[in-house]
Amino acid sequence: PKKLTRAQLDEAQNAIHKLHEAGYSLNDTVQVGVDSSGKVVLYDIGKASPHKGSGAMGSQASDMDNLRLLYRDNGERFENTNVSEQERNIEKVENTLESLFFKKPEEITTKEVEKLVSDSKKAKADMVEHIKSTMMGARQKKELSALNFKFRLIDAQIGAFQEDVQKGANA
């Protein structure tokens with residue numbers, strides 16, 4: 001089909017989660033087709049390989065980024081079905097950032113940016129608490145460091161939108 005339905009995209013996402021659970025990563029763009037019986041099929045999986053050690057999270061994250069692009073290309077908003085509520089809240093912030101990115105600066109409202117700032121602060125605080133309550137030692141330190149890095153990027157993007165709104169207000 002020219003466009004995949006939400007259900008078909010979610011079926012492809014489920015297949016990738018199963019691939020990850022089996023210890024593999026796709027390591028490539030997500031190519032999806034539908035067979036004659038209507039079943040979703042992943043194509044061109046020749047780069048799929050076992051993920052090992054510290055690279056596992058990166059390759060899985062890359063697969064999710066590629067899946068996010070597939071959803072966007074099919075007119076759907078990506079929501080990872082295999083994450084905690086805290087991770088889902090961060091994804092909502094990232095989805096909002098993405099939608100604002102495609103707007104013209106003059107179309108972005110102060111109210112949208114204020115809500116994004118509020119949602120971002122809450123998502124970060126909730127995730128910090130989640131990490132502190134579920135992890136210990138070196139893993140906790142590594143996850144908190146990664147979270148802080150992610151939010152430095154998010155905060156920089158929000159700052160750019162705040163500047164655009166301010167420029168619009170001063171025009």
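A residue counts as partly exposed when its relative accessible area falls between the buried limit, under 20%, and the exposed limit, over 50%. Asp 10 has a relative accessible area of 27%, so this residue is partly exposed. The structure described here is a predicted model.

The overall fold comes before the details. The chain holds 5 helices and 4 strands. Read from the N terminus, the order of elements is α-β-β-β-β-α-α-α-α. The C-alpha trace spans about 55 × 45 × 25 Å along its principal axes. The chain has 171 residues, and buried residues make up 32% of them. Its accessible surface comes to about 10,700 Å². Carbon and sulfur atoms account for 53% of that surface. Contacts were also examined by separation in sequence. Among contacts between residues at least 6 apart, 63% join residues at least 24 apart.

Charged side chains were considered next. The chain carries 26 positive and 27 negative side chains. The centres of these two sets lie 2 Å apart. Across the whole structure, the search finds 8 salt bridges. Three of these pairs are described below, together with a network.

One salt bridge joins the side chains of Asp 10 and Arg 6, at 3.5 Å from N to O. Both residues belong to helix H1, which covers residues 6–21. They stand 4 residues apart, about one turn of the helix. Arg 6 has a relative accessibility of 28%. That value lies between 20% and 50%, so Arg 6 is partly exposed, and at 27% Asp 10 is partly exposed too. The pair also belongs to a wider set. Arg 6, Asp 10 and Glu 76 are linked in a network of salt bridges.

A second salt bridge connects Arg 72 and Asp 73, at 3.7 Å from N to O. Arg 72 has a relative accessible area of 39% and is partly exposed. Asp 73 is also partly exposed, at 48%. The value for Asp 73 is under the 50% limit, so the residue does not count as exposed.

A third salt bridge pairs Lys 150 with Glu 94, at 3.3 Å from N to O. This pair links distant parts of the chain. Lys 150 lies in helix H5, residues 137–170, while Glu 94 lies in helix H3, residues 85–101. The two residues are 56 apart in sequence. Lys 150 is partly exposed, with a relative accessible area of 33%. Glu 94 is partly exposed at 22%. The buried class requires a value under 20%, so Glu 94 falls outside it.

Three further residues were examined for their surroundings. Asn 74 is found in the loop between helix H2, residues 55–73, and helix H3. Its relative accessible area is 11%. This is under the 20% limit, so Asn 74 is buried even though it sits in a loop. Leaving out residues up to four places away in sequence, Asn 74 touches Lys 2, Lys 3, Leu 4 and Leu 9. Leu 4 also takes part in a polar contact with Asn 74. The backbone nitrogen of Leu 4 lies 2.7 Å from a polar atom of the Asn 74 side chain.

Phe 151 lies in helix H5. Its relative accessibility is 1%, so Phe 151 counts as buried. Neighbours within four places in sequence are again set aside. Phe 151 is then in contact with Ile 90, Ser 120, Ala 123 and Lys 124. Lys 121 gives a further reference point. Phe 151 and Lys 121 are 30 residues apart in sequence, and their C-alpha atoms are 9.1 Å apart in space.

Pro 50 is found in strand E4, which covers residues 49–50. At 46% relative accessibility, Pro 50 counts as partly exposed. Pro 50 touches Gly 23 and Tyr 24, not counting residues up to four places away in sequence. A separation across the chain was also computed. Pro 50 and Thr 110 are 60 residues apart in sequence, and their C-alpha atoms are 46 Å apart in space.

Definitions and conventions. Residues numbered from 1 in each chain as written. Predicted model: local features only at pLDDT ≥ 70, side-chain atom pairs only at ≥ 80, totals over all residues. Heavy atoms only, no water. Buried < 20%, exposed > 50% of the residue type's maximum accessible area, 1.4 Å probe, protein only. Contact = heavy atoms within 4.5 Å. Areas by Shrake-Rupley, 256 points an atom, 1.4 Å probe, with all protein chains shown as cover. Lys, Arg positive; Asp, Glu negative; His and termini not counted. Charge placed at Lys NZ, Arg CZ, Asp CG, Glu CD. Salt bridge = Lys/Arg side-chain N within 4 Å of Asp/Glu carboxyl O. Polar contact = N/O pair within 3.5 Å; in protein donor to acceptor, adjacent residues only side chain to side chain.
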